[in-house]
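Trainee: I would like to take a close look at one residue, and then to see how the surroundings of other residues can be read in the same careful way. Could you take me through this in one connected account?

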2 protein chains.
Amino acid sequence: MAVASHKPIPLLKDELDIVIPTIRNLDFLEMWRPFFEPYHLIIVQDGDPSKVIKVPEGFDYELYNRNDINRILGPKASCISFKDSACRCFGYMVSKKKYIYTIDDDCFVAKDPSGHDINALEQHIKNLLSASTPHFFNTLYDPYREGADFVRGYPFSLREGVPTAVSHGLWLNIPDYDAPTQLVKPRERNTRYVDAVLTIPKGTLFPMCGMNLAFDRELIGPAMYFGLMGDGQPIGRYDDMWAGWCVKVITDHLGFGVKTGLPYIWHSKASNPFVNLKKEYKGIFWQEEIIPFFQSATLSKDSTTVQKCYIELSKQVKEKLGPIDPYFTKLADAMVTWIEAWDELNTPSEEKSSKPANGVAAK
Amino acid sequence: MAVASHKPIPLLKDELDIVIPTIRNLDFLEMWRPFFEPYHLIIVQDGDPSKVIKVPEGFDYELYNRNDINRILGPKASCISFKDSACRCFGYMVSKKKYIYTIDDDCFVAKDPSGHDINALEQHIKNLLSASTPHFFNTLYDPYREGADFVRGYPFSLREGVPTAVSHGLWLNIPDYDAPTQLVKPRERNTRYVDAVLTIPKGTLFPMCGMNLAFDRELIGPAMYFGLMGDGQPIGRYDDMWAGWCVKVITDHLGFGVKTGLPYIWHSKASNPFVNLKKEYKGIFWQEEIIPFFQSATLSKDSTTVQKCYIELSKQVKEKLGPIDPYFTKLADAMVTWIEAWDELNTPSEEKSSKPANGVAAK
């Protein structure tokens, strides 16, 4: 078991929730104890709700199983996936914090090239608290990191940057490959530690992985919907991809940034490529049409909030992707349900006095 | 003096020229001997043509001074800058090879984190010979590097990539900062070795530095014009930036890629920030208008060759940037002269038989 050489200072301790989707006992938290213990955890239990999930002692957490989700959301619970890690987005919805970090339960603490444990959460927070630079590429990567800056030829008017909405972290050991690549390269491991954080330029889409991801709920939360996946759906393993496409289009529209790169976590276990292929294969076809759709999607000037953007996007999904498969019509409807449920649980502050609270009972 | 631990295999030995602009003896080549000696060098001597530049023994080179440039290009020599490293682009024009590597004479061999000498040229060649991925961002960086691939969610239809036209390398030690940043951070050194190569996405501009740069002359050569800088011009130190903006717009239009990242060279000597400020200050204003111009520049379908693209761009420069300062009208004209001179020295192969050769006498 790795032990941190010095007690880390927990940044934003009261402003960040850690969301973990799981179907098993959370022994993996032992390794994260030095980093996660000061924070509040939101555990979203997938699968059989009668199963008891053990959480190591000392962690502060709330746990929701399917019965809780159904009770809290009522008929709107239909927008939350079952038997798929997409269920994690329920945790984003019930959080009351400004920031979310979400991590998979097969991810462990990685080491940097000098052999020190990487405090992934701390790096995500640094990424989120420093600006992004989506309008022009800086060849020395994140100009706000210590020892770096904007290079010659970078316009001074763009050096203030824009608020960062998303911090996308990477994985050492098992790379996040699709089933065909897993099948072809079963032994490939990611051993390359790339010491960089960079902004994904405006207008460029990326494959967002939900394994090691942080974001600013206030800036982008309502767009972090992980879609309809798993039980009863024709597709799985595209939950984070779906969220990533929507999030990128909306952050570009609203003028926020998305960073990728550091921090790394240690991804311990490759999922079964045969099972994955079954979940993914429709997505492998569909993404060839979905991605051009998102690449050309534009939002109207009237869409000035994430919610409005998301509703507008849902209409475009229904219209443009609906013809591919009835699934997308269902998904577009679920996107609307998601926003309704989000707004129900997250009463905007200016309405708080006039509208009765309809939130989650503390567990 | 660093010595390579094993004799490197010189890739593309007969297909690549190394272009070096200089005003002094080329002692810096001693350190590069294990890597550069098998290649042909094109030395462009700036400043006083009567000065004799010493080149260490054993290197195969041709050298051009101002008198040579004037003799070869006649009145068209006006498009080649004097007393500015922009003169290097004359070397691109007289080369007969498919690939160019250009490097400044204050750049030395850097070491990777394991202490080995970096064969910068070899890495550039690897970058140029593998495809680029400008249409979608791959979070594990260059998918064609050993140990890497496309991640989950990357469309399969885009995995073939596009031909790489440019490989932009970076610098350890002295970073490529503008004068204001040099003045504010005189002691900042780049010590961060980022082990990555990545494609700059389509539609995104970047500050291209000419210090450590390789490109495919056949794909993009005629757009690698370093503009009018230095002697008699109101601006300096924007030669490579100008080329970079034009190149990026044209590669995006023609469907080629631009990579940045590895390899690093060791940049030994910061130029004088006071002198630099004098050269740069108009550029610092102007780039605030130039960059939006290039960001919104589009080329017509009829522009199917680099030359046609460049001529079309020169017209847009004259029309849209001319009003900023008469300099841009002059620059737009020089862009046309450059293409005329390029075509004179580089007779397209299908015309070779019908048109008399009008090239450079071997020196």
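Trainee: By its relative accessibility, does B:K83 count as buried or exposed?

Mentor: Bear in mind from the start that this is a predicted model. In it, B:K83 counts as exposed, with a relative accessibility of 53%, a value that lies just on the exposed side of the cut-off, since exposed is taken to mean over 50%. The residue is placed in the loop between α2 (66-73) and α3 (89-94) of chain B, and its backbone deserves attention too, for its phi is near 55 degrees, a positive value in a residue other than glycine. Most residues other than glycine have a negative phi, and most peptide bonds are trans.

A second backbone of this kind is found in chain A, where A:L12, again not a glycine, has a positive phi of about 55 degrees. A:L12 belongs to the segment before β1 (16-22) of chain A, and with a relative accessible area of 19% this leucine is buried, whereas B:K83 is exposed. The peptide bonds offer a further point of interest: the one from A:L262 to A:P263 is cis, with omega near 5 degrees, and in chain B a cis bond likewise joins B:L262 and B:P263, with omega about 5 degrees. A:P263 lies in strand β9 (residues 257-267) of chain A, and B:P263 is found in strand β9 (residues 257-267) of chain B.

From these local features we can turn to how the chains are arranged. Chain A can be laid on chain B with an RMSD of 0.0 Å by a turn of 180 degrees together with a shift of 0.0 Å along the axis, which is the relation of a two-fold axis. The same surface serves both copies, in that 100% of the contact residues of chain A recur in chain B. Within chain A, the residue that comes closest to the rotation axis is A:V194, whose C-alpha is at 2.8 Å.

A:R152 gives a detailed view of contacts between the chains. Located in the loop between α4 (120-129) and β6 (164-173) of chain A, this arginine counts as buried at 5% relative accessibility. Leaving aside its neighbours within four places in sequence, A:R152 is in contact with residues of chain B including B:D176, B:Y177, B:D178, B:R237, B:D240 and B:E280, and its side chain reaches the backbone oxygen of B:R237 at 2.8 Å. The UniProt record, in an unreviewed entry, lists A:R152 for "glycosylation site". Elsewhere, another arginine, A:R159, lies over the face of A:F156, at 3.7 Å from the ring centre, and B:R159 lies over the face of B:F156 at 3.7 Å from that ring centre.

Aromatic rings also meet one another, and the structure holds 44 aromatic pairs over all chains. One of them is formed by A:Y92 and A:F215, an edge-to-face pair with 4.9 Å centre to centre and 80 degrees between the planes. It links distant parts of the chain, with A:Y92 in helix α3 (residues 89-94) and A:F215 in strand β8 (residues 212-216), 123 residues apart. A:Y92 is buried at a relative accessible area of 0%, and A:F215 is buried at 0% as well. The pair of A:W242 and A:W245 has ring centres 6.2 Å apart and planes at 75 degrees, so it too is edge-to-face. These two tryptophans lie three residues apart in helix α7 (residues 239-254) of chain A, and are therefore separated by about one helical turn. A:W242 counts as buried at 2% relative accessibility, and A:W245 is buried at 1%. Both belong to one aromatic cluster, formed by A:Y238, A:W242, A:W245, A:W286, A:F293, A:F294, A:Y327 and A:F328.

A:Y92 leads us to one last residue, A:T102, which is found in strand β4 (residues 99-103) of chain A and counts as buried at 0% relative accessibility. Neighbours within four places in sequence aside, the contacts of A:T102 are with A:V19, A:P21, A:R88, A:Y92, A:G210, A:M211, A:N212 and A:L213. Among these partners, A:R88 is joined to A:T102 by a polar contact of 2.9 Å between the side chains. By comparison, the C-alpha atoms of A:T102 and A:V258, which are 156 residues apart along the chain, are separated by 16 Å.

Definitions and conventions:
Residues numbered from 1 in each chain as written. Chains lettered and ligands numbered in written order. Predicted model: local features only at pLDDT ≥ 70, side-chain atom pairs only at ≥ 80, totals over all residues. Heavy atoms only, no water. Helix = DSSP H or I, 4+ residues; strand = E, 2+ residues; numbered from the N terminus. Buried < 20%, exposed > 50% of the residue type's maximum accessible area, 1.4 Å probe, protein only. Least-squares fit on C-alpha atoms with pLDDT ≥ 70 in both. Contact = heavy atoms within 4.5 Å. Phe/Tyr/Trp six-rings, centres within 6.5 Å; stacked < 30°, edge-to-face > 60°. Lys NZ or Arg CZ within 6 Å of the ring centre and 35° of its normal. UniProt positions renumbered as here; feature names shortened; annotations may be inferred. Polar contact = N/O pair within 3.5 Å; in protein donor to acceptor, adjacent residues only side chain to side chain.
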